[in-house]
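Let's work through a couple of exercises together, with the structure open beside you. Try each task yourself before reading the solution.

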Amino acid sequence: MADESKLQIAIIGAGIAGLGAAIALKHHPAIDVQIYEKAPELREIGASIALGPNGMRTLERLGVDNALDDEIAFRNKHWKTNEIISTDSHAGQVEYRHLTARFYRAHLQEALAKHVDPSKIHFSKAFESVTFDSAIQKLRITFTDGTTATADIILGADGIHSPVRTFFVPTSSTAWTGWVAFRSVFPYSHVAHIKDLPDEANHFWGPDRTFFISKLGRDLFTVVGSYQADPDAPDALYKDSTWNSDGDVNVLREFYKDWSPLVRQIVDAVPSTRIYPNAAAHPLETWVLGNGKATLAGDAAHAHGGAFAAGGSLALDDAWAFASAILHVFPPERDPKAHRRGNPQGPAHLREDAKAAHGPRDERRSPE
Ligand SMILES: Cc1cc2nc3c(=O)[nH]c(=O)nc-3n(C[C@H](O)[C@H](O)[C@H](O)COP(=O)(O)OP(=O)(O)OC[C@H]3O[C@@H](n4cnc5c(N)ncnc54)[C@H](O)[C@@H]3O)c2cc1C
């Protein structure tokens, strides 16, 4: 139950951004954080996800040391010289534990969830709308099941298609970029027999498709085949597919049939695959929404469709930035009700205080 004597923060979405923000604020004695998640539980969905040094450092700041552990974070151990075109490079000295790491997404989400009081996560609560209730001077959030919750501040951490973002900025809808990923995660034993299988993560590039492999924690292995179609072509492959739908490994094999023997051997060992059509939206003009009572984090804030495999790290950094801003205005020693005295007038209208900027969608991306 939300504690109304405290500053109430409602986080929409228990993904990486939402859990990160809840962890960053959990020790504040005068802040009550509740997370509302559409899914009925935190399930094992997704494939590999990469975190760069910025994301790894933020995990450490959050105290999520269990996610830095080699057991679930795979870091490249060494380089080979077999036609490598580029390698990860970092400005300055990077400690081993902060090196770019690849996770099975479910392991990362599970590691974060261990730091959140389970009673604060409310499942099967899909955000629908929010209004300002002037009688109680609070936001009233309505979920699709008809129930409501109150809050002083709402953080939309509800992913790339963010209903919170589209509530405040109705013009900010996502569209398919034409890029499709075939993602597979399976036990390493499926590929262990392959001679010359690189020990480090590798990205192979072709003219219209790429191929990515990496070990993951707990003896898992990931393969990501990516294909760039013309999103405007009426007969584009996977145009009408849904995110995380069943894929056909035979199509994957056909896609890479002319590639190097190493790639073909790996593809032959893939037991199953899932389809992830990539979406993106235009950037927003501002992240200050709902007259300062709402903001966004993670993919909801920058729906760039996986540019540079930065989504996971940005989600953590957004969570940290959100919490830092809150702690700056409401340091732990401050009277918890001071925020209401400071801004007694609620917003007359919450919506349409931001527009989607009309730049081109950013279509650079990486599946890592
Ligand atoms: C199921 C799933 C699988 C993914 N798999 C991969 C992957 O394999 N590789 C990869 O690189 N990235 C993957 N991503 C995306 C990746 O997690 C994000 O790019 C990144 O971590 C940013 O995290 P986020 O917290 O902003 O968003 P997300 O991780 O997308 O989390 C958003 C959360 O909000 C919830 N939500 C959505 N709508 C509502 C609503 N109306 N009300 C309440 N809650 C809502 C979602 O269920 C989800 O839990 C996946 C995301 C999801 C949701």
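Two exercises on this predicted model follow, each with a worked solution.

**Exercise 1.** Find which residues come nearest to the ligand, and which make polar contacts with its nitrogen atoms.

*Solution.*
Step 1. Start with the shell: 28 residues surround the ligand, and Glu37, Ala47, Ser48, Arg105 and Asp299 come nearest.

Step 2. Sort the shell by character, and you get 13 nonpolar, 8 polar and 7 charged residues.

Step 3. Now look for N or O atoms within 3.5 Å of a ligand nitrogen. On the backbone, an N or O atom of lysine 38 sits 3.1 Å from a ligand nitrogen, and a polar backbone atom of phenylalanine 127 is 2.9 Å from a nitrogen of the ligand. From a side chain, a polar atom of arginine 183 lies 3.5 Å from a ligand nitrogen.

Step 4. Check the cover: taken on its own the ligand has 910 Å² of accessible area, and the protein covers 87% of that.

Step 5. Trace the shell back to its elements. Helix 1 (16–25), strand 3 (48–51) and helix 7 (311–329) each give two or more residues, with the largest share, 3 residues, coming from helix 7.

**Exercise 2.** Describe how helix 1 and helix 7 cross, and what kinds of residues make up their contact.

*Solution.*
Step 1. Take the geometry: the two axes come within 8 Å and cross at roughly 35 degrees, and the crossing is right-handed.

Step 2. List the partners. Helix 1 contributes residues including Ile16, Gly20 and Leu25, while those from helix 7 include Gly312, Trp320 and Phe322.

Step 3. Classify them: the contact holds 13 nonpolar residues, 2 polar and no charged ones.

Notes: Residues numbered from 1 in each chain as written. Predicted model: local features only at pLDDT ≥ 70, side-chain atom pairs only at ≥ 80, totals over all residues. Heavy atoms only, no water. Near = heavy atom within 4 Å. Polar contact = N/O pair within 3.5 Å; in protein donor to acceptor, adjacent residues only side chain to side chain. Areas by Shrake-Rupley, 256 points an atom, 1.4 Å probe, with all protein chains shown as cover. Helix = DSSP H or I, 4+ residues; strand = E, 2+ residues; numbered from the N terminus. Nonpolar A, V, L, I, M, F, W, Y, C, P; charged D, E, K, R; others polar. Axes fitted to C-alpha atoms, helices over the stretch in contact; angles between N-to-C directions. Left-handed = near helix turned anticlockwise from the far one by under 90°. Contact = heavy atoms within 4.5 Å.
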